[in-house]
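Let's take a walk through this structure together, one region at a time. Keep the 3D view open and follow along as we go.

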Amino acid sequence: MQWEVVIGLEIHTQLATQSKIFSGSATTFGSEPNTQASLIDLGMPGVLPVLNQEAVRMACMFGLAIDAEIGQHNVFARKNYFYPDLPKGYQISQMELPIVGKGHLDIALEDGTVKRIGITRAHLEEDAGKSLHEDFAGSSGIDLNRAGTPLLEIVSEPEMRSAKEAVAYVKAIHALVRYLGICDGNMAEGSLRCDCNVSIRPKGQAEFGTRCEIKNVNSFRFIERAINSEVQRQIELIEDGGKVIQETRLYDPNKDETRSMRSKEEANDYRYFPDPDLLPVVIESAYLDDLRATLPELPPQKVERFQSQYGLSAYDANVLASSREQAEYFEKVAAIGGDAKLAANWVMVELGSLLNKLGVEIDQAPVTAEQLGGMLLRIRDNTISGKIAKTVFEAMANGEGDADQIIKDKDLIVESDSGVIEKILDEVLAANAEQLEQYRAADEAKRGKMFGFFVGQAMRASKGKADPQQVNQLLKSKLEG
Amino acid sequence: MHQLTLAEIARGLADKSFSAEELTRALLQRIHQLDPQLNSFISVTDELAISQAKAADARRAAGENGALLGAPIAHKDLFCTQGVRTSCGSKMLDSFTAPYDATVVAKLAEAGAVTLGKTNMDEFAMGSANESSHYGAVKNPWNLEHVPGGSSGGSAAAVAARLLPAATGTDTGGSIRQPAALTSLTGLKPTYGRVSRWGMIAYASSLDQGGPMARTAEDCALLLQGMAGFDPKDSTSIDEPVPDYSTSLNGSLQGLRIGLPKEYFGAGLDPRIADLVQASVKELEKLGAVIKEISLPNMQHAIPAYYVIAPAEASSNLSRFDGVRFGYRCENPKDLTDLYKRSRGEGFGSEVQRRIMVGTYALSAGYYDAYYLKAQKIRRLIKNDFMAAFEGVDVILGPTTPNLAWKIGAKNADPVAAYLEDVYTITANLAGLPGLSMPAGFVDGLPVGVQLLAPYFQEGRLLNVAHQYQQVTDWHTRAPNGF
């Protein structure tokens with residue numbers, strides 16, 4: 001049986017406001033437990049919420065960026081359930097009338113195509129506190145610093161068809177919220193968390209299979225692995241004659257498997273109703289117009305501009321625009337180096353693999369954009385060859401200085417003096433008299449192969465510095481002669 | 001001294017007939033002496049009161065002269081008062097000392113009012129008889145075998161018994177007006193949003209409103225002046241200027257159009273109350289008012305709608321009382337579920353549990369549309385009825401309650417009978433309108449109240465009508481025997 005995977009995601013992004021969504025407490029991560037919990041965050045009797053306008057602004061920015069309808073009359077609702085880290089016994093969220101309605105986001109796939117993913121809605125809500133189950137000798141501790149931190153929950157349509165697509169979508173959301181400056185995107189600190197709804201169906205079938213929700217996955221790698229292991233579980237289950245039951249599951253990265261958390265029958269009835277302590281949020285069109293004017297250039301526009309301005313492919317443009325930092329790095333390299341395609345290539349390939357190897361983000365790259373751009377200048381004016389450039393790049397990564405310094409220190413300048421090159425060639429041919437004989441006796445096809453041998457010998461003799469074009473030309477005439 | 005109204009006290013303090021401290025000590029002594037008969041206070045705050053009184057005297061000596069400077073009051077025990085137990089009449093909060101002041105408490109303290117204590121109330125303001133309090137029933141000073149009404153029954157009984165001149169109350173379905181009627185007081189529920197709810201422990205957030213309870217309309221004006229105003233800490237508070245209520249008292253009633261809703265005079269109304277209401281109408285006519293019959297056709301749906309919306313909101317508002325952070329916690333919970341179940345089962349009384357269950361049911365999946373949404377639609381219809389009525393009249397008048405104060409325990413077996421006592425008052429809460437109850441006579445020695453309703457933010461008009469009525473009647477000056 002050929003199975004098709006169907007994935008929809010709910011992404012919780014913590015908005016980067018100074019204070020909480022309904023109280024004046026700070027939202028700094030990592031403070032001493034309960035030092036950022038006010039009367040309101042504690043859910044004291046008699047306290048009331050007051051909406052943080054900054055959270056509204058950030059949600060609207062997101063809505064504008066995904067070309068969504070903004071809920072110009074949106075309503076906060078109470079989601080009722082009991083849990084010790086939920087002080088009021090309800091979470092203030094949005095249900096029927098969210099602040100952001102239908103929108104969409106384009107993602108770049110590895111095969112070079114671009115796919116549009118529908119976004120169903122995004123709504124504002126408050127985060128819960130944290131239960132601490134260690135170090136309390138049989139009891140649990142509650143830290144309410146996080147309680148009341150503003151969240152924007154972004155709900156996608158079930159339009160992703162593989163774990164890779166899902167990761168590409170999460171990366172695109174991650175990039176977008178950082179472009180907008182509305183979320184720091186720090187997944188390790190829980191600033192961006194993902195619930196994955198996964199189901200499978202026979203290829204060609206129209207209706208969806210029964211889905212399972214994998215809760216709270218918090219890294220790109222785990223999202224991919226969690227989805228893949230859940231898909232595998234569902235396939236094996238069905239092919240063994242079983243049935244998927246709708247439930248919430250947790251991913252265990254140590255065992256690389258998902259396990260059941262609670263079934264649909266055990267699910268809470270949240271008894272949503274409009275929060276009577278908060279008035280409906282009315283958003284004026286003029287406000288949105290003003291806000292639209294403050295939007296930075298976003299990935300879709302950037303992708304378009306990278307293609308038209310620099311002549312990059314759609315795929316390259318998408319990769320480079322996938323984060324604000326990477327896009328800025330690339331543009332700086334291109335501006336200094338004067339060749340956008342060359343810059344794109346170096347940023348994506350050499351720098352990309354270096355960052356991968358080091359496991360760091362581009363803002364911590366050991367080679368600055370200025371350094372890389374400076375090196376590209378030396379490639380373009382033929383001071384060094386592309387091959388030598390890799391040596392220079394490595395040296396820059398090791399902190400040995402700028403390209404010019406390294407080229408000088410290591411004596412890496414391209415040898416383009418024809419007299420010097422001819423001398424090298426003469427020596428090479430003299431040292432390989434036997435091969436020279438064979439070459440001259442050979443037919444055209446064989447000669448082609450042997451030509452490479454002489455080039456290699458010549459480059460080696462020049463320690464890679466000889467200008468390859470001149471080597472080719474001069475060698476050809478010498479062999480003929 | 002205990003017979004003095006707030007207005008008289010203000011004059012006495014201003015002309016130095018007595019000091020705030022003398023007055024406070026006298027009233028505290030009276031409370032300790034007489035309240036055991038009534039049970040109207042949960043906490044008497046002697047030390048706080050005397051220090052506030054001394055501070056008021058000092059401010060006055062320094063040249064200040066506010067109407068509430070040195071005025072003795074009490075707060076219904078659901079207004080958070082920093083450093084003072086704020087129990088909400090519940091075992092759940094018996095051990096709860098509020099860590100902050102409600103806006104109402106802070107504003108009145110700033111105006112120089114002296115807090116004598118915290119008054120008894122129905123548990124979490126749920127009740128019409130003040131019988132559901134964890135601290136026991138409050139007795140009606142007009143007849144100690146009868147209820148004083150509720151839920152602000154402690155404030156009502158204390159003021160009616162001349163333990164102090166005025167107190168705060170809250171009104172979710174009639175909890176200021178009904179006890180005012182049953183104890184011969186003047187009580188005002190302001191427009192929803194007029195008085196801040198910050199620090200006022202919620203029963204039903206979209207209906208709750210704090211207000212003044214006193215013997216005269218003039219005193220209600222003084223106390224309301226100190227309570228009303230926009231509060232940025234309450235998102236439902238309305239940023240509308242507060243008029244000077246005392247200056248609005250003396251307007252002429254000539255030409256005032258008073259509407260009598262025919263639905264307020266139908267079956268279920270004690271005919272003796274109906275007679276007294278008609279007598280009050282005659283008095284107002286003499287003062288120049290014009291009487292019109294009107295109709296509020298959706299009034300019959302008000303009680304069912306109210307008893308869906310209020311419990312629904314309450315079921316959510318009371319979720320925070322879970323034994324985790326404050327309030328009552330059961331002994332030796334064996335796990336989290338046990339902690340929740342027993343803390344709430346043991347901490348809440350039966351009426352509170354009943355309403356939490358009703359509200360939880362009304363909000364449950366599959367029932368929400370049939371109950372909660374429908375109730376909200378009725379609410380809209382009721383509001384529309386009032387809007388239409390106020391096109392043709394300036395105030396609406398009717399009885400505050402269908403019956404006299406009943407005997408303690410008489411309606412315990414039948415909660416619905418008690419719910420029906422709210423029939424005339426809850427429409428103002430559903431519509432968010434201001435309403436006032438004023439004394440209008442006695443039947444068998446038990447007080448009868450007349451209710452006045454006005455358009456949004458017309459508290460001044462209600463106080464004006466009541467004040468003018470009180471210039472030509474003396475019901476409000478009569479004191480119960482023994483007090």
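## An arginine on the outside

R292(A) counts as exposed, because just 12 C-beta neighbours sit inside 10 Å, and a residue with 12 or fewer is called exposed. Keep in mind that you're looking at a predicted model. R292(A) is part of helix α4 of chain A, which covers residues 285–293.

Now look for Y315(A). Along the chain, R292(A) and Y315(A) are 23 residues apart, and their C-alpha atoms are separated by 27 Å.

## How chain A is divided

Chain A is split into domain 1 (3–290), domain 2 (297–409) and domain 3 (418–480). If you take the centres over C-alpha atoms, domain 1 and domain 2 of chain A are 35 Å apart.

Where do these two domains of chain A meet? On one side there are 11 residues of domain 1, in contact with 10 residues of domain 2. Two elements of chain A, β5 (103–108) and α2 (163–180), each put at least two residues into the domain 1 side. Of the elements on that side, α2(A) gives the most, with 6 residues. Sorted by class, the domain 1 side that touches domain 2 of chain A has 7 nonpolar, 1 polar and 3 charged residues.

## The nonpolar cores

How many residues does the largest nonpolar core have? The count is 262, and the residues with the most contacts inside this core are A59(A), F62(A), A166(A), C196(A), V392(A) and V395(B). Helix α2(A) turns up again here: the largest share of this core, 12 residues, comes from α2(A). Why does the core lie between domain 1 (3–290) and domain 2 (297–409) of chain A? Because both of these domains give residues to it.

Zoom in on A59(A). If you leave aside its neighbours within four places in sequence, A59(A) is in contact with I99(A), V100(A), A122(A), L124(A) and L152(A). Apart from the largest core, there is another core of 9 residues, including I421(A), I424(A), F454(A) and A458(A).

## A sheet in chain A

Next up is an open sheet of 8 strands in chain A, with mixed pairing and the order β5-β6-β9-β1-β10-β11-β12-β13. At its edges you'll find β5 and β13 (257–263) of chain A, each of which pairs on one side only. From one strand to the next, the twist averages 30°.

Pick out two of its strands: β10 (residues 192–202) and β11 (residues 212–217) of chain A pair in the antiparallel sense over 4 bridges. You can spot N197(A) standing opposite E213(A), which is in β11(A).

## Some unusual backbone spots

Most residues other than glycine have a negative phi, and most peptide bonds are trans. With that in mind, check N216(A): its phi is positive, near 55°. N216(A) is found in strand β11 of chain A, and it counts as partly exposed, since it has 15 C-beta neighbours inside 10 Å. N382(A) has a positive phi too, near 65°. N382(A) is located in the loop between α9 (369–380) and α10 (386–397) of chain A. Is N382(A) buried or exposed? It is exposed, because 12 other C-beta atoms lie within 10 Å.

Over in chain B, a cis peptide bond joins G150(B) and S151(B), with omega about 5°. S151(B) belongs to the loop between β3 (114–119) and α5 (153–160) of chain B. Helix α5(B) is mostly covered, with 8 of its 8 residues buried; among them are G153(B), S155(B) and V159(B). After α5(B) comes R162(B), whose phi is positive, near 60°.

## Where the two chains touch

Finally, how many residues of chain B are in contact with chain A? There are 33, and they touch 25 residues of chain A. In chain B, α9 (302–317), α10 (336–347) and α11 (350–363) each supply at least two residues of the side that touches chain A. The largest share of that side, 3 residues, comes from α9(B). By class, the side of chain B that touches chain A has 17 nonpolar, 9 polar and 7 charged residues.

Conventions:
Residues numbered from 1 in each chain as written. Chains lettered and ligands numbered in written order. Predicted model: local features only at pLDDT ≥ 70, side-chain atom pairs only at ≥ 80, totals over all residues. Contact = placed C-beta atoms within 7 Å. Nonpolar A, V, L, I, M, F, W, Y, C, P; charged D, E, K, R; others polar. Domains from an automatic or database assignment. Core = buried A, V, L, I, M, F, W, Y, C linked by C-beta atoms within 7 Å. Buried ≥ 20, exposed ≤ 12 C-beta atoms within 10 Å, placed from the backbone. Pairing = 2+ DSSP bridges. Axes fitted to C-alpha atoms, helices over the stretch in contact; angles between N-to-C directions.
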